[in-house]
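Visitor: Hi! I'm new to this, so could you walk me through what I'm looking at?

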Amino acid sequence: MGYNDTPSANRIHIGFFGQRNAGKSSLVNAVTGQSLSVVSDVAGTTTDPVNKSMELLPLGPVVITDTPGMDDEGDLGELRVQKAKQTLRKTDVAVLVVDGTVGLSESDRQLIHLLVEKNINYIIAYNKCDVVSADAAKQIEQNDGDILKTCPHIWVSARERTGVNELKEMTGHLTAEAPEVRRLVGDLIEPGDVVVLVIPIDSAAPKGRLILPQQQVIRDVLDAGAVAVACRDTELEDTLSRFGDQVSLVVTDSQAFAKVMQIVPNDIYLTSFSILMARFKGQLDGAVKAAYKLDEFHGDSRPRILIAEGCTHHRQCDDIGTVKLPGWINKYTGCTPEYHFTSGTEFPEDLSGYDLVIHCGGCMLNEREMMSRQQMAQEQNIPMTNYGTAIAHMNGILARSLEVFQKSHDKNTLT
């Protein structure tokens, strides 16, 4: 990611869905003005979701996703359909591309049902208007009238690029209806405050750079007119002594909670990057409640715990998700749970076999996908917390790490 790039998680996610050979890939290429997807007359050319981050006028920074056909067949085809359905978890606006020569198919109608169920705004784009007569188009709309009366639709031609600009305008209108993005930390501080960011540099830290939550918190502190001071945990005590009562908040990497809590005075607010991210993604209330599930595990139990990460990266010997977190849980509970690990998009639909889900901060996932994962857990009555919240609870510091939100008037914070 370049210095001027908007993180994928903060971009509008637009997904193109539909049957094979409806013209999804051709329309994606027309909308983006690029040869993003391979186009062929052979059904099922798009075998996996294809993502492209870009600036798209008039929408701004977006992620465009081309998906496999929803009517794919066979064992392999079913896997492709599942990949397409997974894309719905992170889709802010869906464009359902319909073959304008035939109108809505049964698979199109099933997809519309899913979109409505998941509360995803969508547009129906009837493709191939260059080969459909006015009378035929009118008949198609009459046949599909039960659906069209409740959603926007447009006739386009990916080949001739007819209606493409209008489609982008319609998409922009739907995305404008989305709620404003929450602040990470800016609403918790005042201009001129000093915010100390504790960033341990160990074998698991990325070489030569900061991870995304750290970058985003620094930027939000600066946007609030406050001062961001970054240090390692080994220099924290000296840093606090230098700035004295100017420090209003300390934000730490979760894995350093145990050490940091011993250094930061009680009159300075203390929280973690992961807890801030849970609040930012709308997950904090559920994460706090689920953290107490750890207290139900004991020496002779063997709970099944899913530890999920939103990104994929090379595992280090001291990896927090697969090494440190299980170690802390074992020590806290006195038992040895059965751990399962997922990363990236591989978050299971069926969580019924787990006693607890512990998710990363989700900095690489947009709010809709994080909320989708939380909803899946709730519907299956599986508690889901996140790294920072669980670690704070195990260190007996969860209540303190939430105090900073209680002074805020932000409607999205805990009360």
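Guide: Happy to! Let's begin with a term: two strands pair if DSSP finds at least two bridges between them. Helices and strands themselves are DSSP runs numbered from the N terminus, a helix being H or I over at least four residues and a strand being E over at least two. The model is predicted, so local features need pLDDT of at least 70 and side-chain atom pairs count only at pLDDT 80 or more, while totals for chains, interfaces and linings use all residues. Residues are numbered from 1 along each chain as its sequence is written, and side-chain values use heavy atoms, with hydrogens and water left out.

Visitor: Cool. How many helices and strands are there in the protein?

Guide: The protein has 15 helices and 14 strands.

Visitor: And what share of the residues is buried?

Guide: Of the 415 residues, 52% are buried. Here buried means under 20% relative accessible area, exposed means over 50%, and partly exposed is in between (1.4 Å probe, protein chains only).

Visitor: Okay, sheets next. What is the order of the strands in the open sheet of four?

Guide: The order is 12-11-13-14, and the pairing is parallel. Strand 12 (338–342) and strand 14 (384–386) are the edge strands with a single partner each, so one side of each has no neighbour in the sheet. From one strand to the next, the twist averages 25 degrees. Angles like this run from 0 to 180 degrees between N-to-C directions, and axes are lines fitted to C-alpha atoms, for helices over the stretch in contact.

Visitor: How many bridges join strand 11 to strand 12?

Guide: Five bridges join strand 12 to strand 11, which covers residues 304–308. In one of these pairs, R304 has E338 of strand 12 as its bridge partner.

Visitor: Which strands does helix 11 touch?

Guide: Helix 11 (residues 284–291) packs on the sheet and touches strand 13 (356–359) and strand 14, with its direction at about 100 degrees to that of strand 14. Touching, or contact, means heavy atoms within 4.5 Å.

Visitor: What does V357 stand opposite in strand 14?

Guide: In strand 14 it's M384 that stands opposite V357, and strand 13 pairs with strand 14 in the parallel sense over three bridges. Strand 13 also pairs with strand 11, again in the parallel sense, over four bridges. There, L306 stands opposite V357.

Visitor: Which way do the residues of strand 13 point?

Guide: L356 and I358 point one way, V357 and H359 point the other way, and all are buried.

Visitor: Let's switch to helices. Where does helix 12 lie?

Guide: Helix 12 (residues 320–333) lies across strand 11, strand 12 and strand 13, at about 150 degrees to strand 12. The axes of helix 12 and helix 14 (residues 387–394) come within 11 Å and cross at roughly 30 degrees.

Visitor: Why give both an angle and a distance?

Guide: Because two packed helices are described by the angle between their axes and the distance between the axes. Helix 12 and helix 14 are therefore roughly parallel to each other. The cut-offs are under 35 degrees for roughly parallel, over 145 for roughly antiparallel, 65 to 115 for roughly perpendicular, and oblique for the rest.

Visitor: Which residues meet there?

Guide: I320, G321, L325, W328, I329 and Y332 in helix 12 meet Y387, I391, H393 and M394 in helix 14.

Visitor: New topic: N127. Is it buried or exposed?

Guide: N127, which lies in strand 5 (residues 121–127), is buried, with a relative accessible area of 4%. A polar atom of its side chain lies 3.1 Å from the backbone oxygen of A22. Not counting residues up to four places away in sequence, N127 touches several others, including A22, V97, D99 and V156.

Visitor: And which side chain has a polar contact with K128?

Guide: That's the side chain of D99, at 3.2 Å. A polar contact is a pair of N or O atoms within 3.5 Å; within protein, one must be able to donate a hydrogen and the other to accept it, and residues adjacent in sequence count only if both atoms are side-chain atoms. D99 lies in strand 4 (residues 93–99) and is buried, at 16% relative accessible area. K128 sits in the loop between strand 5 and helix 4 (134–143) and is partly exposed, at 24%.

Visitor: What is phi of K128 near?

Guide: Phi of K128 is near 75 degrees, a positive value in a residue other than glycine. N119 has a positive phi too, near 60 degrees. N119 lies in the loop between helix 3 (106–117) and strand 5, and at 60% relative accessibility it counts as exposed.
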